[in-house]
Amino acid sequence: MRHARSSLIAYYYFDYKDKAKRDIRGLLTSLLFQLARGSHRCWNVLYQLYTTCDDGSEQPSNAALSTCLGNMLELPGQLPIFIILDALDECPSTTETPSAREKVLDFVEDLVGSGHSSLFICITSRPEQDIQTALNPLTLPSRRVSLHDEVGQREDINNYLRSFVRADRAMGRWKEEDKELVINTLSERAGGM
């Protein structure tokens, strides 16, 4: 769809290893650049923000970045925009008030609540309580997919563990019952991950 220019797609991975990819600012700047790269009209909206920030000599606020994204979504005749947020659980939930995760969840709530007809959002995450509490009211139960409790997911984990234990040279010398204990224990504690 993206290559046919019938939609715009922006993907963001919350990476716990990269501090710049764990908060709302990293998310917003990435989404804006990806959408601007895919559409001249979105590029023009981003350029307007650039000029408002004294041609890039000032940093825009998070609110200005969010408004810029909203302006892109409101363009007349806008193509469908698909936003994929991957590994939201890697956005830290700290004692800081509000935490980086709370800021992202508030942003997602506002984005969904804005009712943009051209916007489609897909979010992946471990089933953390705060994330489920924020996102479940935004989505119909029929549109939620949980792989954590799926039989196929547990089988994939078991197959991976068996393969790893069997291939490891050090574990190859272990007793069969010890190998099974490791596989079963890790599988039970994997929690679908």
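Helices here are DSSP runs of H or I with at least four residues, strands are runs of E with at least two, and both are numbered from the N terminus. The views below show a predicted model.

**View 1. Helix α2 has the length its residue count calls for.** This close-up takes in residues 40-52, which make up α2. At 1.5 Å a residue, these 13 residues should span 18 Å, and the end C-alpha atoms are indeed 18 Å apart, so the two values agree. Just at the start of the helix, a side-chain oxygen of Ser-39 comes to within 3.3 Å of the backbone nitrogen of Arg-41. Past the other end comes Asp-54, which follows α2 and has a positive phi, near 55°.

**View 2. Helix α2 has a buried side and an exposed one.** Cys-42, Val-45, Leu-46 and Leu-49 of α2 are buried. The arc they cover around the axis is only 95°, which means that they sit on the same side of α2. Behind this is a general rule: an α-helix has 3.6 residues a turn, so residues three or four places apart point the same way. Over on the other side of α2, His-40 and Gln-48 are exposed. So what covers the buried residues? The cover includes strand β1 (8-13) plus helices α1 (24-38) and α3 (62-73).

**View 3. Three parallel strands make an open sheet.** Read across the sheet, the order is β1-β2-β3. β1 and β3 (119-123) are the edge strands, each with pairing on one side only. From one strand to the next, the twist averages 15°. Zooming in on one pair, β1 and β2 (residues 81-86) run parallel and are joined by six bridges. Look for Ala-10, which stands opposite Ile-83 of β2.

**View 4. Helix α4 lies across two strands of the sheet.** The helix in this frame covers residues 100-113, and the strands it lies across are β2 and β3. Relative to β3, α4 runs at about 150°.

**View 5. Gln-34 is a buried residue of helix α1.** Is this glutamine buried or exposed? Its relative accessibility is 17%, and the cut-off for buried is under 20%, so Gln-34 counts as buried. Its side chain makes a polar contact with the side chain of Ser-30, at 2.8 Å. Which residues does Gln-34 touch once neighbours within four places in sequence are left aside? Those in contact with Gln-34 are Ile-9, Ala-10 and Tyr-11.

Methods: Residues numbered from 1 in each chain as written. Predicted model: local features only at pLDDT ≥ 70, side-chain atom pairs only at ≥ 80, totals over all residues. Heavy atoms only, no water. Expected span 1.5 Å × (residues − 1). Buried < 20%, exposed > 50% of the residue type's maximum accessible area, 1.4 Å probe, protein only. Arc of directions from axis to C-beta. Contact = heavy atoms within 4.5 Å. Polar contact = N/O pair within 3.5 Å; in protein donor to acceptor, adjacent residues only side chain to side chain. Pairing = 2+ DSSP bridges. Axes fitted to C-alpha atoms, helices over the stretch in contact; angles between N-to-C directions.
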